[in-house]
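Q: Please take a close look at a single part of this model, the part where its strands come together. Begin with the chain as a whole, then go down to individual residue pairs.

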Amino acid sequence: MPMGKRMTLTEAIERFVPDGASIVMGTAMEALIPFAAGHEIIRQKKRDLTLIGPISDILFDQLIGAGCVKKVVAAWVGNVSGGSAYNLRRAVEEGTPQPLEMEDHTNFTIALGLHAAALGVPYLPARTALGSDIQRGNDHLRSTICPYTGDRLIAVRAIEPDVAIVHVQRADEMGNCHLWGNLGVTIDAVRASRRVIITAEEIVPADVILSDPNRTLIPGFLVTAVVEQPWGAHPSPVVGYYNRDNDYFHEYHRETKTREQFHRWLQRWVLGVRDRSHYLERLGPDRCAALRPRRKAPSAPAEFGY
Amino acid sequence: MTTYTLRELMVVAAARQIADEQVVFVGMRLPLLGFLLAKRTHAPRAIGLYENGVIREIPSAEMLYTMSDPPNIYRATSCADMLTVMGLLQQGRVDVGFIGGAEIDRFGNLNTTVVHADGRRPIRLPGSGGACDIASLAHRLIAIMAHEKRRFRERVSYVTSPGYGEGGDWRSAVGLPRGGPSVVITDKAILEFDPVTKEAVLSSVHPGIGVDDVLAHTGWPLRVADDLTETLPPTEEELRIIRDLDPQGFWTR
C-alpha cells in the first residue's frame, strides 16, 4: 500500500478508530498531545474506547466526559495545571456519564508495557511498585522471581494498543516523521500499536526528512495515516511552533466543575465547532500569536556528506 | 528581618536537600523551584532528570508550568525518552527524588490515587504518574506536603508510592532495592525517619510554629526528636533568587 496515507483528520478517525478500540495518546507527556484528533473522536461519537497513556493532561478527561470511554490504562489522569480532572472523578465516583474501569499504572510500567510490545515479548521485569497497592490491584503487574538472581520483581505485561495517535512537528507524505523535544513513550507506542495515525504541524517534502535521518524517530512504514494539522496539539506545546496555553488549562479547570458546565465547555470547544480551523477562529488570532515562539533557536546542522 | 512565605521556606528546605554534583529526579512545583535554587547557590553542578526524558544541567531561563514546556527543552543537556531516565533511576543512579502527596502515613507511605474517608464516598485522585517509581527506586526520597490532619493519617487508604510499608525492614522484604523516604517537608515542620523502626519523627519546626500545632495537625501520635531544632529561615540571597525565578509568586505566595 504505497499510496494514499494522506487524508483528513475526519477520514483518519472514521477509518481507523472503531468503537471499542484501544488507543494510546499523550505519549510525549505534557507536550504534543493530539487534542485535534481527540476532539474529532468526540464529534464522531466513538464509544467504548480504552485510553492508554502515561499522563494525558486534560485530553482523557474530555473523552471521558463526552461518554467515549469505558476503560483507562494510565499512570495519571488530571489537569497538570489544576490538579483534579472532574470528568474522571464523576465517572469513577458516580458512574456519570458511564462507569469507568481504571487500570492504574506508574509512568515506568506504562513505558515498559509499551516497550515489551515493541520488542515482541509478553512482559518485561522491573523493580518498581513492589509493595504498592498499584501492583496489588493490577493483574498486569504480577510478581515474579528472577530465574538468575532470585530477586523479587514485577512482570509488566506487554501493552498492545489497536491505535497510536501521535502529534509531531513534521512528516512527509509517507509518514516518515521528524520530532524533537522530550519524547516520553512515543517511539515505543508507535512500535507497539497495530495502527498509527500521525497528525503533523507540517507536511514537508521527503528530502527534508531524509536530510536528517537521526531525527526520523518514526519510520513511515509503521504509519497508517498522515494528517496535516497545524495547531493540532493546542493547548499543549509543540517546541518550535507554539508554547503551552496555560490559561486554557486554568479555564478548563474552572469551567468543568459540574456536568452542566462541562456540557457548555464541550459545546463551545468541540461539538459546536466543525473542525480545527473553526476551533482556531474561536481561539482568535491574537491568542495564537501570543503563543508563538519569541526567539529563534535553530540547532546546528549535522553534516551527512561523504 | 526579611519576611517570607512558608512556601518560600519549603523551597529553601527542598534546595538544602540537594548536594553538589548529585543527580536529582526533579518533579514539578515547589521541588522544581528548589532544584533551580540549589543550582544557583550551593549545588551548581547538580543534574536534573525529568520523567518525560529531559536531562538538564543549565537551569531553564523561564518559569515552568510543566516539565515539557519549551523553556525546559531549550538548551537541555539531552532530550531522550522516558525509559532512558526511568532506567537510570532503576539502576540506582538517582541520588534524590522529590514527590508530593495527598496523604502520608506514619511510615512515609504516600497516596495520590484514591482517598477513603469514613462514611463518605471515595474520592478519586489523578494517580501515581512517576511518583511510585521515584519512591521505589531513588536513593533518597523527599516528600513535600501541606501539613493537615486529614493528610497525615495513621495509615494511608491506598499506597500509591511505597515508603517503609509497615516499618522495619519491610522495603527489602518486598523486594525494593534501596531508598525510602528521607525527609518530609511541610508548611509547618520537617520530619525524618527513625533508622531502625522507620517511623516518622519530628526533627525541626519552622520559625513561629509551635510543636503542639504540628502534633495537633498530625493524625497519629508523632514522635518528637530529642534534638528537635528550628528550621533555618531563608537567607536574603535565597529569597532574592526565588523571587527572581517566580516573580509573580505563582508557586510561592
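A: In this predicted model, chain B carries 27 positive and 31 negative charges, and the mean positions of the two sets lie 4 Å apart. The exposed area of the chain is about 9,700 Å², of which carbon and sulfur atoms supply 51%. Along the principal axes, the C-alpha atoms fill a box of roughly 50 × 45 × 35 Å. A compact globule of 253 residues would have a radius of gyration near 18 Å, and the 18 Å of chain B agrees with this. Buried residues account for 61% of the 253. Of the contacts between residues at least 6 apart in sequence, 66% join residues at least 24 apart.

The secondary structure of chain B consists of eight helices and 15 strands. Ten strands make up an open sheet of mixed pairing, and their order in chain B is β4-β3-β2-β1-β5-β10-β12-β13-β14-β15. At the edges stand β4 (78–79) and β15 of chain B; each has a single partner strand, so one side of each has no neighbour in the sheet.

At the β4 end, strand β3(B), residues 54–56, runs antiparallel to β4(B), and two bridges join them. Here V54(B) is opposite C79(B) of β4(B).

The other end of the sheet order holds β13(B), β14(B) and β15(B). Strand β14(B) spans residues 200–205, and six of its six residues are buried, that is, under 20% relative accessible area. The strand is therefore largely enclosed by the rest of the structure.

On one side, β14(B) pairs with β13(B), residues 189–193, in the antiparallel sense over five bridges. One of the facing pairs is F193(B) with its bridge partner A200(B), which belongs to β14(B). The two strands form a hairpin with six residues between them, and K198(B) in that turn has a positive phi of about 70°.

The pairing of β14(B) with β15(B), residues 223–230, is parallel and covers four bridges. In this pair S204(B) stands opposite T229(B) of β15(B). Strand β14(B) thus has an antiparallel pairing with β13(B) and a parallel pairing with β15(B). Its partner β15(B) is one of the edge strands, with one side left without a neighbour in the sheet, whereas β14(B) itself is largely enclosed.

Terms used
Residues are numbered from 1 along each chain as its sequence is written. Chains are lettered from A and ligands numbered from 1 in the order in which they are written. This is a predicted model: local features need pLDDT of at least 70, side-chain atom pairs count only at pLDDT 80 or more; totals for chains, interfaces and linings use all residues. Side-chain values use heavy atoms; hydrogens and water are left out. The radius of gyration is taken over C-alpha atoms; the globule rule is 2.2 Å times the number of residues to the power 0.38. Buried means under 20% relative accessible area, exposed over 50%, partly exposed in between (1.4 Å probe, protein chains only). Contact means heavy atoms within 4.5 Å. Accessible areas come from the Shrake-Rupley method with a 1.4 Å probe; for residues, only the protein chains shown count as cover. Lys and Arg count as positive and Asp and Glu as negative; His and the chain ends are not counted. The place of a charge is taken as NZ of Lys, CZ of Arg, CG of Asp or CD of Glu. Two strands pair if DSSP finds at least two bridges between them.
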